[in-house]
Amino acid sequence: MPQARFMKMAIASARRGIAAGQFPYGAAIVRRGKLLGCAHNIVVQAADPTMHAEVHVIRNVCEKLQTTDLTGCAIYCTCEPCAMCMGACCFAKISAIYFGAGIEDKFSFGLPDPGVGASVIGRLIPQPPKIVPGFMREQCMELFRAYIKRQC
């Protein structure tokens, strides 16, 4: 399955972020089977609460392509995009969102989240991107375990 390759890239990016003291999230953007960008959360490093992995990679790819229109792109996220990140995906016109762990998984590890993300928002908007939850969930859950272990 080619999608697994892209989620593995997002997972690897999240692992780099964890090693750098960041929260355990990574994201990759792909169009027509080609990786356009990959990033991890840099909230702590940037002292910016908006620098989630999804926002970070969307900004990088839009700058690289000199456009705000990412129609035809898929984003692979190690965790369900929060409301802010889902909004960014919609404004960038991302066509598909694949995510591993869900928001409820974050709660089980004591990680913060407002509790409304891609799954809920996708049901509320008229033309949501395709949303594929639970994609490689167990491998993404391992990122939470690695993050918690590093914090102890």
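In this predicted model, Lys-93 lies in the loop between α4 (83–91) and β4. Its phi is positive, about 65°, although Lys-93 is not a glycine. Most residues other than glycine have a negative phi. Lys-93 counts as partly exposed, at 48% relative accessibility. A second residue with a positive phi is Gln-66, near 55°, again in a residue other than glycine. Gln-66 is found in the loop between α3 (53–65) and β3. Gln-66 is exposed, with a relative accessible area of 65%.

The loop that holds Lys-93 leads into β4. Of the 6 residues of β4, 6 are buried, so this strand is largely enclosed by the rest of the structure. Strand β4 is paired with β3 and with β5. The β3 and β4 strands run parallel and are joined by 5 bridges. Here Tyr-76 stands opposite Tyr-98 of β4. Strand β5 (residues 130–132) also runs parallel to β4, through 3 bridges. On this side, Tyr-98 stands opposite Val-132 in β5. Tyr-98 thus appears in both pairings, opposite Tyr-76 and opposite Val-132. The connection from β3 to β4 involves a helix: β3, α4 and β4 make a right-handed β-α-β unit.

Nonpolar side chains tend to be buried together in soluble globular proteins. In this model, the largest nonpolar core has 45 residues. Those with the most contacts inside the core are Ile-29, Ile-58, Leu-70, Ile-75 and Ile-94. Helix α1 (residues 2–19) gives the most to this core, with 7 residues. The contacts of Leu-70 were examined further. Leaving aside residues up to four places away in sequence, Leu-70 touches Ile-29, Ile-58 and Ile-94, among others. Val-61, Cys-62, Leu-65 and Ala-92 are also among its contacts. Polar residues appear too, including Arg-31, Ser-95 and the positive-phi residue Lys-93.

Helix α7 (residues 137–151) has 15 residues. From its first C-alpha to its last, α7 reaches 22 Å, close to the 21 Å expected at 1.5 Å a residue. Cys-140, Met-141, Leu-143, Phe-144 and Tyr-147 are buried in α7. Seen down the helix axis, the buried residues fall within an arc of 140°, so they line one face of α7. The elements that cover these buried residues include the helices α1 and α5 (103–108). Strands β3 (73–79) and β4 (96–101) are also among them.

Definitions and conventions
Residues numbered from 1 in each chain as written. Predicted model: local features only at pLDDT ≥ 70, side-chain atom pairs only at ≥ 80, totals over all residues. Heavy atoms only, no water. Core = buried A, V, L, I, M, F, W, Y, C linked by side-chain atoms within 4.5 Å. Buried < 20%, exposed > 50% of the residue type's maximum accessible area, 1.4 Å probe, protein only. Helix = DSSP H or I, 4+ residues; strand = E, 2+ residues; numbered from the N terminus. Contact = heavy atoms within 4.5 Å. Expected span 1.5 Å × (residues − 1). Arc of directions from axis to C-beta. Pairing = 2+ DSSP bridges. Right-handed = clockwise from strand over helix to strand, strands pointing away.
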